[in-house]
Amino acid sequence: RRATPRKPDGMKVEKKAANTSREGATLTIKKKKKTDVPAKAAPAAAPKKKLKRAADAPESKPKKQKRAAEPAAPSDLSDTAETADTAAADAGCLTNFRLSEATVAALEARGIQALFPIQSATFDLIFGGDDLIGRAHTGCGKTLAFALPTIERLLGLKKVDRSLPKPCRPLALVLAPTRELAQQVGREFAAVAPTLTCCCVYGGAPIGAQCSELRR
């Protein structure tokens, strides 16, 4: 028995029988034509997205910015300052407070036409006998702030009792931390209330004259 030859790769075996007998059989080997295998089609490229250029993109509308309040013109500022000064002067007008004619005349003689803010804010409270603490910068009228209502109360007491003030019995007492401040307060009282007798007592000076003044 003849061994059947191996079929080589890519080869096709055809058997043709020349004779009916196995011995006379012949083998005819033909090369199998390679059939063209269709190449796999490359996957279709995804369509590229069209990128809009900045120039082609629609222009965005600029956001409206809130306009800052324009600063007031210098003339407007000066007008505002003048208005504020006028309002303050009207609020501190001497006729708005319980000041006697003698006190108003003494103030006007010194060029004072209106009270300072510390004076107008504390006048009624001190005149009513309330206790308070007032603070203000130097030169803002703190001395007159307590001197004016004190003077008006003393003048009111003198109208009720003409025998006042009685000797050796002071009606008001003002305490000061230094000699210079005590003298300043005494001058303010004497200038605004010439009808009242003021006595300034302090250390470091002859005590005899001060005692004699207190007795009067």
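Mentor: Before we begin, contact here means heavy atoms within 4.5 Å of each other, and the structure we are discussing is a predicted model.

Trainee: With that in hand, which residues does Thr143 touch, not counting residues up to four places away in sequence?

Mentor: Thr143 is found in helix α4. Its relative accessible area is 13%, and because buried means under 20%, Thr143 counts as buried. Once residues up to four places away in sequence are set aside, the residues that Thr143 touches are Gln184, Val185 and Glu188.

Trainee: How many helices and how many strands are there in the protein chain?

Mentor: Read from the N terminus on, the elements run β-β-α-α-α-α-α-α, with the strands placed ahead of the helices. The count for the protein chain is therefore six helices and two strands.

Trainee: Which element gives the largest share of the largest nonpolar core?

Mentor: The largest nonpolar core has 19 residues, and those with the most contacts inside it are Leu99, Leu107, Leu144, Leu148 and Ile151. Two or more residues of this core come from each of α2 (101-109), α4 and α5 (179-192). The largest share, six residues, is given by α4.

Trainee: Taking Leu148 from that core, which residues does it touch, again not counting those up to four places away in sequence?

Mentor: Leu148 is one of the residues with the most contacts inside the core, and two others of that group, Leu99 and Leu107, are also among the residues it touches. The full set for Leu148 is Leu99, Thr103, Leu107, Leu115, Phe123 and Val192.

Trainee: Why do the buried residues of α3 lie on the same side of the helix?

Mentor: In α3 (residues 117-127), the buried residues are Ile118, Gln119, Thr122, Phe123 and Ile126. They lie on the same side of α3 because the arc they cover around the axis is only 135 degrees. As a general matter, an α-helix has 3.6 residues a turn, so residues three or four places apart point the same way. On the other side of α3, the exposed residues are Pro117 and Ala121.

Trainee: Against which helix do the buried residues of α3 pack?

Mentor: Phe123 is one of the buried residues of α3, and Phe123 is also among the residues that Leu148 touches. The helix against which the buried residues of α3 pack is α4 (142-160).

Trainee: What percentage of the residues of the protein chain count as buried?

Mentor: The accessible surface of the protein chain comes to about 18,500 Å², of which 56% belongs to carbon and sulfur atoms. Of the 216 residues of the protein chain, the share that count as buried is 17%.

Conventions:
Residues are numbered from 1 along each chain as its sequence is written. This is a predicted model: local features need pLDDT of at least 70, side-chain atom pairs count only at pLDDT 80 or more; totals for chains, interfaces and linings use all residues. Side-chain values use heavy atoms; hydrogens and water are left out. Buried means under 20% relative accessible area, exposed over 50%, partly exposed in between (1.4 Å probe, protein chains only). Helices (H or I, at least four residues) and strands (E, at least two) are DSSP runs, numbered from the N terminus. The arc is that of the directions from the helix axis to the C-beta atoms. Accessible areas come from the Shrake-Rupley method with a 1.4 Å probe; for residues, only the protein chains shown count as cover. A nonpolar core is a set of buried Ala, Val, Leu, Ile, Met, Phe, Trp, Tyr and Cys residues joined through side-chain atoms within 4.5 Å.
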